[in-house]
Amino acid sequence: MSYLVGGSGNPLVLVHGIGLSSFTWRLNWEALGEHARLFVPDLLSISSKAKLDCSLEGYAARLKEFLDATNIDQTDIVASSHGGAVALALAATARERLRSLVLVSPANPFARRYHRMVQFYLGTLGGIFLRCAPFLPGPFWDYGIARMYADRARLVRGRGIGYARPLRKRGATRRVLSTLRSFINDLDRLRDKLPVVAQIPTLLVWGDRDPVVEIESAEPLRQVLHAKLAIIPNTGHLPYEEAPEEFNRIILDFLAQ
């Protein structure tokens with residue numbers, strides 16, 4: 001697994017969402033790295049020949065192996081979307097490895113909006129689209145990423161293609177589809193494990209206009225995790241990109257506590 005490392009301070013692992021990469025955190029690297037030693041794994045970077053368990057438990061096990069391989073005994077974790085669910089699965093089985101959790105609009109058992117999207121990609125047409133999309137031109141990706149913004153005018157032109165590159169690697173889309181096949185059931189099973197995670201100091205960060213994981217799921221998740229909740233106004237599913245300065249401030253304030 002390839003990863004980025006830099007900065008100084010206590011270890012902080014940044015976990016991207018499904019089908020993405022360390023590119024996710026490019027606008028947060030400098031600010032967070034001034035206060036923490038950053039470790040940013042690319043979860044899709046493993047050889048395409050390797051047979052991987054793409055369930056939440058499988059991703060969580062590999063993330064734990066990543067902590068072992070980088071000699072991280074205990075860490076803070078910031079995790080987004082599907083990565084947030086992976087971090088929850090890790091916390092449920094190895095909570096002693098986590099000092100704190102920051103979950104950014106995480107996929108969770110109380111959310112339902114993304115179910116329709118999962119079912120689409122698991123269908124014939126959606127599967128074809130997913131296999132072709134990584135090779136579509138940049139303007140297509142700009143449009144797709146902008147749909148996850150609250151204010152599409154904030155998107156920098158040409159930025160979308162950075163999200164396509166990880167999916168161009170051999171085997172990447174196959175692994176994404178494998179992840180989606182068990183995803184909803186995996187989240188349902190995760191629900192019963194959440195009280196264990198409540199022992200870890202946790203912050204939830206949500207954009208108030210998230211079109212992917214509805215903000216209505218934040219409150220029941222907050223209650224079961226005994227977490228804090230920070231809502232960034234006029235922001236969609238990618239607050240670390242759409243409002244990076246506010247996002248970085250919220251993360252650093254939480255970690256300082």
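This is a guided tour of one protein chain, going from the whole fold to single helices and rings.

**The whole chain**

Begin with everything displayed, and keep in mind that the model is predicted. The protein has twelve helices and seven strands. Its radius of gyration is 17 Å, close to the 18 Å that the globule rule gives for 257 residues, so the protein is as compact as a globular protein of that length. If you turn the C-alpha trace along its principal axes, you will find that it spans about 45 × 40 × 35 Å. Of the 257 residues, 55% are buried, and among the contacts with a separation of 6 or more, 76% are made by residues 24 or more positions apart.

**The nonpolar core**

In soluble globular proteins, nonpolar side chains tend to be buried together. To look at this here, select Ile77, Val78, Leu101, Leu225 and Phe247, which are the residues with the most contacts inside the largest nonpolar core, a set of 84 residues. Then keep Leu101 and ask which residues it is in contact with, once its neighbours within four places in sequence are left aside. The partners include Ile77, Ala87, Leu88 and Ala91, and also Val197, Ile200 and Phe254.

**Helix H10**

Leu225 is also a good way into the next stop, helix H10, which covers residues 218-225 and in which Ala218, Leu221 and Leu225 are buried. These three cover an arc of only 70° around the axis, which puts them on the same side of H10. Which elements do the buried residues of H10 pack against? Show helix H3 (82-93), strand S5 (98-104), helix H9 (194-197), strand S6 (202-207) and strand S7 (228-232), and you will have the elements that they pack against. Before leaving, select His226, which follows H10 and has a positive phi, near 55°.

**Helix H4 and its partner**

Move next to helix H4, whose buried residues are Tyr114, His115 and Val118. Seen down the axis of H4, they fall within an arc of 110°, so they line one face of the helix. The buried residues of H4 pack against H8, and a pair of rings lets you look at where the two helices are linked.

**Aromatic pairs**

A pair of aromatic rings is described by the distance of the centres and the angle of the planes. The structure holds ten aromatic pairs. In one of them, the rings of Tyr114 and Phe183 have their centres 5.8 Å apart and their planes at 40°, so the pair is tilted. This pair links distant parts of the chain, because Tyr114 is in helix H4 (residues 114-122) while Phe183 is in helix H8 (residues 172-190), 69 residues apart. Both Tyr114 and Phe183 are buried.

For another pair, select Phe140 and Trp141, whose rings have their centres 6.2 Å apart and their planes at 80°, so the pair is edge-to-face. Are the two residues buried or partly exposed? Phe140 has 30% relative accessibility and so counts as partly exposed, whereas Trp141, with a relative accessible area of 12%, is buried. Add Phe120, Tyr121 and Phe129 to the selection, and you will see the one aromatic cluster that they form with Phe140 and Trp141.

**Charges over rings**

For the last stop, select Phe23 and Arg26, where the charged end of Arg26 sits over the ring of Phe23, 3.9 Å from its centre. Then select Tyr59 and Arg62, where the charged end of Arg62 sits over the ring of Tyr59, 4.9 Å from its centre.

Methods. Residues numbered from 1 in each chain as written. Heavy atoms only, no water. Phe/Tyr/Trp six-rings, centres within 6.5 Å; stacked < 30°, edge-to-face > 60°. Helix = DSSP H or I, 4+ residues; strand = E, 2+ residues; numbered from the N terminus. Buried < 20%, exposed > 50% of the residue type's maximum accessible area, 1.4 Å probe, protein only. Lys NZ or Arg CZ within 6 Å of the ring centre and 35° of its normal. Core = buried A, V, L, I, M, F, W, Y, C linked by side-chain atoms within 4.5 Å. Contact = heavy atoms within 4.5 Å. Arc of directions from axis to C-beta. Rg over C-alpha atoms; globule rule 2.2 N^0.38 Å.
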